[in-house]
Amino acid sequence: MKTLIVEHTAPFQALPELVADAEGLFAREGLNIQWVDTDEGADRDARTDVLDPKGLDPFRSHGRLLETGKADMYNACEWGNYCRVQDTSVRSRQLGRRSVVTFAAIAVRPESQVYTPQQLAYRKVGVPFYFGTHYLALHMLEGFLTREQIVVCSVPHGSRHRLDLLMKGEIEGTTLTEPYVSLAEKKGCRIVCSAFYHGTQVGTDTVDVETMSAYNRAVSAAVRRISANKRGYLHYFIDYHRAKDPEIGTLTVDDLRASRLVVCEPSPIPSDEMERTYQWVKSWGMLEAMITPLQLVNMDVQRRAHAV
């Protein structure tokens, strides 16, 4: 049995992995997954006066344990992982796309006078810099505003913290993932725009082709189970947060939308999308040290670990 130490994460970005572990699919492939908690000691400070990610630590949560030798692998949004791999001190590389295609949204308070994305011009939208919804917010808002009109500020990762800041009126809008999109709607908040985004797996040299292949087979089996019965797995989104967040415990599966749960089998990052992603992140000043996106991916492991 091969032991793989993986940074633990929530269902919105790792549901198939959680299912694969709970239902014995990793064990069937000869893998013993040891989860390590990324929340312990994580930076949760809100800095709404900080309007740019430059100078901030991209390893505030995701990758923090891997960079200190306490994990072999983690998954996070694809955009952020390009930046983390650029700054790695342990030769980590992306190993392919994860299986969850994450749903996220920009929400405003019930009493907000903002009804459309255009009305967020020059208004503070709280985002967790270097996390998936930071980049997604930029993508979504670019469809309605010029870059000069987009104002994003630094708020913590973890939708609970951002929703609290929103309800207190400290920011005009913020990004949320499930189940907090559904909780915000239940509290009367409005969703002004939403979209899906990809993530990737990042690992050190200890994650070889054989290990990653076994991991992908187990996750693919979980994807097929989830796709066949999405409603049957929605409870994971509630159960994961219930103990720490009693308000999530007030939700039921009926409050969640199965259409927001999208999974696909793990795959390599397509070369054309890799180049477009790299150029877009670079255009925002966040990939200044890289000449090519190929420096950010272990192309050999990615190619061979996803072979049929």
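Buried means under 20% relative accessible area and exposed over 50%, with partly exposed in between (1.4 Å probe, protein chains only). The structure is a predicted model, in which local features need pLDDT of at least 70, side-chain atom pairs count only at pLDDT 80 or more, and totals for chains, interfaces and linings use all residues. Residues are numbered from 1 along each chain as its sequence is written, and side-chain values use heavy atoms, with hydrogens and water left out.

**Exercise 1.** Determine which parts of the chain the salt bridge between E265 and R224 ties together, and classify the exposure of E265.

*Solution.* A salt bridge is a side-chain nitrogen of Lys or Arg within 4 Å of a carboxyl oxygen of Asp or Glu; for E265 and R224 the closest N and O atoms are 3.0 Å apart. E265 lies in the loop between β11 (262-263) and α11, whereas R224 lies in helix α8, so the pair ties together parts 41 residues apart in sequence; helices (H or I, at least four residues) and strands (E, at least two) are DSSP runs, numbered from the N terminus. With a relative accessible area of 39%, E265 is partly exposed, and R224 is partly exposed at 48%.

**Exercise 2.** Identify the salt bridges that E78 and E273 form with R97.

*Solution.* Begin with E78, whose salt bridge with R97 has its closest N and O atoms 2.8 Å apart. E78 belongs to helix α4 (residues 78-86) and R97 to strand β4 (residues 93-97), so this pair ties together parts 19 residues apart in sequence. Next, E273 forms a salt bridge with R97 at 2.7 Å between the closest N and O atoms, linking helix α11 (residues 271-283) to strand β4 across 176 residues. Finally, R97 is buried, with a relative accessible area of 7%, whereas E273 is partly exposed at 26%.
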